[in-house]
Amino acid sequence: AAGRLMDTVETIAAHCDARRAEQLDFLITLCDQNSFSAHKPGVDRVGAMVTQRLAPLVSEHEIIRRSDFGDHHVLRMGPRERVIYLVGHMDTVFPPDHPFQRCRVEGDWLHGPGTGDMKGGLAVFVFALEALAAAGRLGGLGITLLLNSDEERGSITSQPLFEREREHAAACLCGECAGPEGELVVSRNGKLGLRIESYGAARHVGRQTHEKSSAVLEIARRVVALEALNAAYPGVSVNVGRIEGGLGPATVAARATALGE
């Protein structure tokens with residue numbers, strides 16, 4: 001048994017070594033395809049790249065179609081009970097008009113949208129499954145690859161899918177990146193999105209600026225208070241990533257909003 005295991009390990013290692021350049025090219029292709037959460041065509045193209053590559057290995061491919069986000073995918077290989085789930089998301093945070101759109105290789109580093117979070121993980125899943133198949137070890141394993149399209153938005157439409165599938169799970173492996181020192185991540189925090197709306201009294205600045213009722217000023221106070229929670233409670237991470245409001249520099253804002261998590 002030990003000899004067969006070593007043969008399997010050597011076969012998998014040789015398969016992966018021979019395909020290093022191919023895996024890097026595949027990852028760059030994934031990353032160069034914009035898949036901003038709200039950009040459904042781009043997310044669906046990423047899904048197609050992964051599912052088409054794995055099609056020869058998959059016994060069942062379920063597509064959960066969405067109109068608001070990209071489609072979710074469930075790719076089953078082997079038995080349906082006591083399944084090892086591989087979980088990954090296809091969406092990223094950079095919109096199509098953001099300047100950060102293409103990969104570049106600098107020494108041992110690949111810089112690009114989603115290289116670590118988490119198109120790198122998707123590429124690892126694809127080539128790991130192909131390596132298992134090359135070693136003749138995939139057929140007897142119950143493995144399901146679950147790809148969701150809205151993780152960066154809190155998995156708001158894919159949560160029911162995860163809840164449905166968990167009844168069959170023996171283990172779950174997420175392909176997101178490791179810690180900054182390469183350490184293994186065994187758990188992640190929960191996530192809660194927030195939206196704050198503030199209302200003031202609109203007018204021209206004019207005189208008596210100190211007496212204004214400004215929605216922007218109130219939002220600024222709330223942002224400072226929220227960000228202060230980062231140092232106040234262990235394990236709590238707060239980020240306000242977008243604020244907007246007001247008409248211009250010479251007006252008092254009647255409305256402002258902030259988005260965070």
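**Exercise 1. Work out how β8 and β12 pair, and place them in their sheet.**

Step 1. Start with the two strands: β8 and β12 (residues 255–260) run antiparallel to each other and share six bridges. Strands here are DSSP runs of E with at least two residues, and helices are runs of H or I with at least four, both numbered from the N terminus. Two strands pair if DSSP finds at least two bridges between them. In general, strands of a sheet pair through backbone hydrogen bonds, either parallel or antiparallel.

A quick word on what you're looking at: this is a predicted model, where local features need pLDDT of at least 70, side-chain atom pairs count only at pLDDT 80 or more, and totals for chains, interfaces and linings use all residues. Residues are numbered from 1 along each chain as its sequence is written, and side-chain values use heavy atoms, with hydrogens and water left out.

Step 2. Pick out one bridge: L194 has G260 in β12 as its bridge partner.

Step 3. Now zoom out. The open sheet has three strands in the order β8-β12-β10, paired antiparallel. At its edges are β8 (194–199) and β10 (240–245), each pairing on one side only. From one strand to the next, the twist averages 15°.

Step 4. Add the helix: α6 (residues 215–227) lies across β8, β10 and β12, at about 145° to β8. For such angles, axes are lines fitted to C-alpha atoms (for helices, over the stretch in contact, meaning heavy atoms within 4.5 Å), and the angles run from 0 to 180 degrees between N-to-C directions.

**Exercise 2. Find the aromatic pairs and describe how the rings of F26 and F127 meet.**

Step 1. Count them: the structure holds two aromatic pairs. Rings of Phe, Tyr and Trp (its six-membered ring) pair if their centres lie within 6.5 Å; planes under 30 degrees apart are stacked, over 60 edge-to-face, and the rest tilted.

Step 2. For F26 and F127, the centres are 5.9 Å apart and the planes sit at 65°, so this pair is edge-to-face. F26 belongs to helix α2 (residues 20–32) and F127 to helix α4 (residues 119–134), so the pair ties together parts 101 residues apart in sequence.

Step 3. Check burial: both F26 and F127 are buried. Buried means under 20% relative accessible area, exposed means over 50%, and partly exposed is in between (1.4 Å probe, protein chains only).

Step 4. F26 has another partner, as the charged end of R53 sits over its ring, 5.6 Å from the centre. That label needs NZ of Lys or CZ of Arg within 6 Å of the ring centre and within 35 degrees of the ring normal.

**Exercise 3. Trace the salt bridges that E60 forms with R76 and R80.**

Step 1. Know the rule: a side-chain nitrogen of Lys or Arg must be within 4 Å of a carboxyl oxygen of Asp or Glu. The whole structure has 20 salt bridges.

Step 2. With R76, the closest N and O atoms are 3.7 Å apart. This joins strand β2 (residues 72–77), home of R76, to strand β1 (residues 60–64), home of E60, 16 residues apart. R76 is buried because its relative accessible area is 4%, while E60 is partly exposed at 32%.

Step 3. With R80, the closest N and O atoms are 3.1 Å apart. R80 lies in the loop between β2 and β3 (83–89), 20 residues from E60.

Step 4. Put it together: E60, E62, R76, R80, R164 and E165 are linked in a network of salt bridges.
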